[in-house]
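Here is a short briefing on one protein model. Keep the structure open as you read, and find each residue as it comes up.

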Amino acid sequence: MTTTEIKTNDRTTTEATTVRPNPATPRLNFAKTAPKVFRAVIGLDAAAREGLDPALVELVQIRASHLNRCAYCLHMHTTDARKAGESEDRLHMVAVWQEADHFFTDRERSALALTDAVTRIGDAGVPDEVYDRAAAHFDEEGLAHLLALIFTINTWNRIALSTAKRAGTDER
């Protein structure tokens, strides 16, 4: 952890910032080391996607990966989204979707808002208005699958970050 001094007016405040390690090599091969756990996460991922629009799946995975600062997953899912025909404009706007809402449908915006809330759950939980907005666009089964997708990408982000997966290697 490092500290940064910030001057505002005549006051200086010290702000702690986290410096992420950037190891030269991955720490361990999670798939090889814990194959049953890895297969279980793959199974959850596959089940979560059922019935969801593939473009929406990628948008959710990209947004959670932005929030979690997971370069490995961000690279993987933007690549997948491009292959599936997603536009560069929309991919660039996912990080700032609230300010660029005209790039996304109401349904997509409700899913992105839910992604933000679930990914940052420690900040304020999942506010009723965010949940209700998503529930207005998804039936119960679709909403359950969307939540499972958000849980899953957050798990993948944590696996990739914890094991120091390197962006651009796209090891699946």
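The sulfur of Cys70 has its closest cysteine sulfur in Cys73, 3.4 Å away, which is too far for a bond. This is a predicted model. A disulfide needs two cysteine sulfur atoms within 2.5 Å. A search of the whole structure finds zero disulfides.

**The two cysteines**
- Seen from the other side, the sulfur of Cys73 has its closest cysteine sulfur in Cys70, at 3.4 Å, so the pair is too far apart for a bond.
- Cys70 is buried, at 2% relative accessibility.
- Cys73 is buried too, with a relative accessible area of 3%.

**The overall layout**
- How many helices and strands does the protein chain have? There are nine helices and two strands.
- Along the sequence, the pattern reads β-β-α-α-α-α-α-α-α-α-α.
- The protein chain has 172 residues, and 38% of them count as buried.
- The accessible surface of the protein chain is about 10200 Å². Carbon and sulfur atoms hold 54% of that surface.
- Take the contacts in the protein chain with a separation of 6 or more. Residues 24 or more positions apart account for 63% of them.

**An aromatic pair and its surroundings**
- The count of aromatic pairs comes to one.
- Phe38 and Trp156 form this aromatic pair, with 5.4 Å from centre to centre. The planes are 70° apart, and the pair is edge-to-face because planes over 60 degrees apart count that way.
- Which parts of the chain does the pair link? Phe38 is in helix 2 (residues 35–49) and Trp156 is in helix 9. The two residues are 118 residues apart, so the pair links distant parts of the chain.
- Trp156 is buried, with a relative accessible area of 15%.
- Asp45 also has a place in this picture, since Trp156 is one of its contacts. Leaving aside neighbours within four places in sequence, Asp45 touches Gln61, Thr152 and Trp156.
- Asp45 lies in helix 2. Its relative accessible area is 9%, so Asp45 is buried.

**A charge over a ring**
- Which residue lies over the face of Phe138? It is Arg107, at 3.9 Å from the ring centre.

**Two residues with positive phi**
- Most residues other than glycine have a negative phi.
- Arg69 is not a glycine, yet its phi is positive, at about 55°.
- Arg69 sits in the loop between helix 3 (54–68) and helix 4 (71–83).
- Is Arg69 buried or exposed? Its relative accessible area is 57%, so Arg69 is exposed.
- Ala164 also has a positive phi, of about 60°, although it is not a glycine.
- Ala164 lies in the segment after helix 9 (140–162).
- Ala164 counts as buried, at 10% relative accessibility.

**Thr163, after helix 9**
- Thr163 is placed in the segment after helix 9.
- Thr163 is buried, with a relative accessible area of 6%.
- A polar atom of the Thr163 side chain lies 2.7 Å from the backbone oxygen of Ile159.
- Thr163 and Arg27 are 136 residues apart along the chain. Their C-alpha atoms are separated by 4.9 Å.

Key: Residues numbered from 1 in each chain as written. Predicted model: local features only at pLDDT ≥ 70, side-chain atom pairs only at ≥ 80, totals over all residues. Heavy atoms only, no water. Helix = DSSP H or I, 4+ residues; strand = E, 2+ residues; numbered from the N terminus. Buried < 20%, exposed > 50% of the residue type's maximum accessible area, 1.4 Å probe, protein only. Phe/Tyr/Trp six-rings, centres within 6.5 Å; stacked < 30°, edge-to-face > 60°. Lys NZ or Arg CZ within 6 Å of the ring centre and 35° of its normal. Contact = heavy atoms within 4.5 Å. Areas by Shrake-Rupley, 256 points an atom, 1.4 Å probe, with all protein chains shown as cover. Polar contact = N/O pair within 3.5 Å; in protein donor to acceptor, adjacent residues only side chain to side chain.
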